[in-house]
Amino acid sequence: MKADADEVKALAEGRWEHILTALAPDLTPAVSAKGRKHVPCPVHGGKDGLRTFKNVADTGGTVCNTCGIHSDGFSTLMWVNGWDFVATLNEVAAFLSIGAATSQPRQVRLSPPVLQDTQKDDERLRQALNRVWTGAVGIDDREAEPARLYLARRGLSIKAPESLRFHPSLPYYDGENKVGNFPCLVAMVQDRNGKPVTIHRTYLTNDGHKATVEAPKKVMSYPSDRQLTGSAIQIVGPGPVLAVAEGLETALAVMEGTDFPVWCAVNAHMLENFIPPDGVERVLVFADKDRPSPQHPKGHGQEAARHLVQRLWEMGIQATAIVPAGEIPSDQKSLDWLDILNRDGKAGFPSLQTVERVMRRAA
């Protein structure tokens, strides 16, 4: 029987620490820290990208520097476990019914000061995003030489689209400690309807290399009324056929190798949950080929692509996953389409006719 959402939400308030650690044990380090420090993210990895809200017991909210903000416990569990809302609601309801005999949930309602703090935080985040975007210039600008050098060093010769910009100096933080300021390649992340969500940053050196920091690619924090999951960097306008890839340079490589319109999903988790805009009839998923891991025995990139393709077919959208040919180099964790562009040039990419034949067989 489907749980009543309002009832479950009310009973969960004050108990989210126990709920999160029971239903997503990988969150235990973050929950134990109670928002006082950052810990590794169970989804994207890294060293110190994740923390909980300070009032995590009441809200279940979490913040990942790369994956984004998850404003409540339901959103957090959906993100970490890959559940939809109904499955999450039922799992939380089941946990609460099991625990009801041993403890009474604390019924806590958010007070006006907490709501005001959230509103202030949201406004601060909106202003920060606006400052970064308005402070950036086009890649063709004389000041954007570090970005042009970076793209060239990566093996990309395609003209940078207008959706990419360059910021001459943005701060980089390791946890709460400021490491320094760096030039950045910046790209707007938008939802399927084109509404801005946040900004993706690639920290650079002045001579066009990735900055020597723990995580040179980061997504900015964003207001609580925006949703990162399902969004993408919309590099160019979509057509009836839309390609999607994980990383920004990988997506640019696919554009250069195929001339397809391509969007960047940012990471494997977002690729798996990608939602194409209205009017898209076919989606070509240019997957990364990742090495197997205990968490992803068939490779994270391949698994994410397969799950996305399956979901798109269920939505009535034709889709196919395209994985790079060849073995992963012994000194690398993965093989992606930028590697293919640098190894084989355009000859390493399938034509639309080849893809259509594969999709007709799949249909």
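I will walk you through the salt bridges of this structure and where their partners sit. Please keep in mind that this is a predicted model, in which local features need pLDDT of at least 70 and side-chain atom pairs count only at pLDDT 80 or more, while totals for chains, interfaces and linings use all residues. Residues are numbered from 1 along each chain as its sequence is written, and side-chain values use heavy atoms, with hydrogens and water left out.

A search of the whole structure finds 8 salt bridges, each being a side-chain nitrogen of Lys or Arg within 4 Å of a carboxyl oxygen of Asp or Glu.

Let me begin in helix H7, which covers residues 112-134; helices here are DSSP runs of H or I with at least four residues, strands are E runs of at least two, and both are numbered from the N terminus. Asp121 pairs with Arg124, with 4.0 Å between the closest N and O atoms, and because these residues are 3 apart in H7, about one helical turn separates them. In the same helix, Arg126 and Glu123 are also 3 residues apart, and their side chains form a salt bridge at 3.4 Å, N to O.

How exposed is Asp121? Its relative accessibility is 37%, so Asp121 counts as partly exposed, a class lying between buried (under 20% relative accessible area) and exposed (over 50%), with a 1.4 Å probe and protein chains only. Arg126, at 26%, is partly exposed, and so is Glu123, at 35%.

Turning to the loops, Lys159 bridges to Asp140 at 2.7 Å between the closest N and O atoms. This pair links distant parts of the chain, 19 residues apart, and both residues are exposed.
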